[in-house]
Amino acid sequence: MKTLHIGLLPQIIIAIVIGILSGHFLPVPMVRLFVTFNGIFSEFLGFSIPLIIVGLVTVAIADIGKGAGKMLLITALIAYGATLFSGFLSYFTGVSVFPSLIETGIPLEEVSEAQGVQPYFSVAIPPLMNVMTALVLAFTLGLGLAHLRGDTLKNAARDFQEIIVAAIGVVILPLLPVYIFGIFLNMTHSGQVFGVLAVFVKIIGVIFLLHVFLLVLQYCIAGLLVRRNPFKLLGRMMPAYFTALGTQSSAATIPVTLEQTKRNGVSAQIAGFVIPLCATIHLSGSTLKIVACALALMIMQGIPYDFPLFAGFIFMLGITMVAAPGVPGGAIMAALGILQSMLGFDESAQALMIALYIAMDSFGTACNVTGDGAIALIIDKIMGDGVSRKRKHQ
């Protein structure tokens, strides 16, 4: 018999709906049960964040630094620049739009433990190191491994990366719907849910429009450089866009992205190098979402923020996104560390960030992979391989 597979996004939506409905009639002992689970899960999440950073960022930096040639350097700089641009675009748009859309003063610190409801018990799981230590360790190890001749430590790092990816895919992501259920159960119990949901809908609408604008802008820039119609170029990438909507994975979409990029006139050699690399290091859509959601939650809670704070966050986020594993929701897992260390997000804010991010995960991934095609066009032009094919594919 075929087993029914429900994707992570439908699971999150179901968890939110059931949590809201259950919050109106579940007795306090049941609410306490989920408050207890949320407390333990948030402790485990806090324990896991430094390990996720070390396990994922180390190998990502080691791989990028390996065999650093001209094409690798140019691709990495353009991808990082595009990711930074999307972050700042998201910030300035949010600063201009969100204050008029979002009601301030909705506290989240009581979400993980609803008013008057205490867990049955709590379990402390202190992390092995703080987030900044994990980041510095990951960068140090990654840069060191990139220049090592032997493979012993590299293989050990890859094995540790596999353990972390398995922990995310087998433990954290499957339990997320239960965690989100508990969060919305508590919000309903404490009367906060409708204010938070209103913010969700508004943020998602703004971010979707930003994704569309970003893709059009990327292809206008690429089209200007290669002297081709940007909308035709973007149109040829739609199979990759819709494939990413279904898979929610940049890695799983690589074959389609590669084929459509070559249809846009990019040489097989350039496309074969740029597309798999950008599937790892170019996450404009993901960065845009995370910055917008973080800003919205800070505005909603009345937390002070300024440009220098978010500028540092965006620069660090652009690097951290390189470590995002190729699983649905992987980018937000990689970003939790700096959300905590740089913006001061507690477990309640982190849980809402996860829910918000996964609600738009398909569109962010689609934005990422479609933008990879624009970067490939630019690299093809810079490296001089696209000149002879310009007219052929117009």
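Is Ser286 buried or exposed? Keep that question in mind as you open the viewer; the tour comes back to it further on.

**The whole chain**

Begin with everything shown as a cartoon, and remember that you are looking at a predicted model. The chain has 15 helices and zero strands, so a helix-by-helix walk suits it well. Of its 394 residues, 53% count as buried. Switch on a surface and you will see about 16500 Å² exposed, with carbon and sulfur atoms supplying 68% of that area. Contacts also reach along the chain: among those with a separation of 6 or more, 85% come from residues 24 or more positions apart.

**The annotated spans**

Next, colour the segments that UniProt, in an unreviewed entry, labels "transmembrane region": residues 12-32, 44-64, 71-92, 128-148, 160-181, 193-226, 270-297 and 309-339. Two of these spans make good stops.

- Select residues 71-92. This span is 100% helix and 0% strand, and its end C-alpha atoms are 31 Å apart.
- Now select residues 270-297. Here the chain is 93% helix and 0% strand, with 40 Å between the end C-alpha atoms.

**A nonpolar patch on the surface**

Show side chains for Met30, Leu33, Tyr120, Phe121 and Val123. Together they form a nonpolar patch on the surface, with about 460 Å² of accessible area. Zoom in on Leu33, which lies in helix 2, residues 28-65. Leu33 is partly exposed because its relative accessible area is 44%, a value between the 20% and 50% cut-offs.

**An unusual backbone angle**

Move on to the loop between helix 6 (193-226) and helix 7 (230-236), where you will find Arg227. What is the phi of Arg227? The angle is positive, at about 55°, although Arg227 is not a glycine. Most residues other than glycine have a negative phi, which is why this one is worth a pause. Arg227 counts as exposed because its relative accessibility is 70%.

**Gln260 and its neighbours**

Select Gln260, in helix 9 (residues 250-263). Its relative accessibility is 10%, so Gln260 counts as buried. Which residues does Gln260 touch, leaving out those up to four places away in sequence? Display Arg236, Met237, Pro239 and Ala240 to see them. Then look for the side chain of Gln260 reaching the backbone oxygen of Arg236 at 2.6 Å. You can also draw a distance between the C-alpha atoms of Gln260 and Pro239: they are 21 residues apart along the chain, yet separated by 7.5 Å.

**Ser267, in the next loop**

Follow the chain to Ser267, in the loop between helix 9 and helix 10 (268-281). Ser267 counts as buried because its relative accessibility is 12%. Its side chain reaches the backbone nitrogen of Ile270 at 3.2 Å.

**Back to Ser286**

Finally, select Ser286, found in helix 11 (residues 284-301). Here is the reply to the opening question: Ser286 is buried, because its relative accessible area is 2% and buried means under 20%. To see what surrounds Ser286, show Met321, Ala331, Tyr357, Gly364 and Asn368, which it touches when residues up to four places away in sequence are not counted.

Key
Residues are numbered from 1 along each chain as its sequence is written. This is a predicted model: local features need pLDDT of at least 70, side-chain atom pairs count only at pLDDT 80 or more; totals for chains, interfaces and linings use all residues. Side-chain values use heavy atoms; hydrogens and water are left out. Patches are made of residues with over 30% relative accessible area and no salt bridge: like charges are joined within 9 Å, nonpolar side chains (Val, Leu, Ile, Met, Phe, Trp, Tyr) within 5 Å. Accessible areas come from the Shrake-Rupley method with a 1.4 Å probe; for residues, only the protein chains shown count as cover. A salt bridge is a side-chain nitrogen of Lys or Arg within 4 Å of a carboxyl oxygen of Asp or Glu. Helices (H or I, at least four residues) and strands (E, at least two) are DSSP runs, numbered from the N terminus. Buried means under 20% relative accessible area, exposed over 50%, partly exposed in between (1.4 Å probe, protein chains only). UniProt positions are given in the numbering used here, feature names are shortened, and annotations may be inferred rather than shown by experiment. Contact means heavy atoms within 4.5 Å. A polar contact is a pair of N or O atoms within 3.5 Å; within protein, one must be able to donate a hydrogen and the other to accept it, and residues adjacent in sequence count only if both atoms are side-chain atoms.
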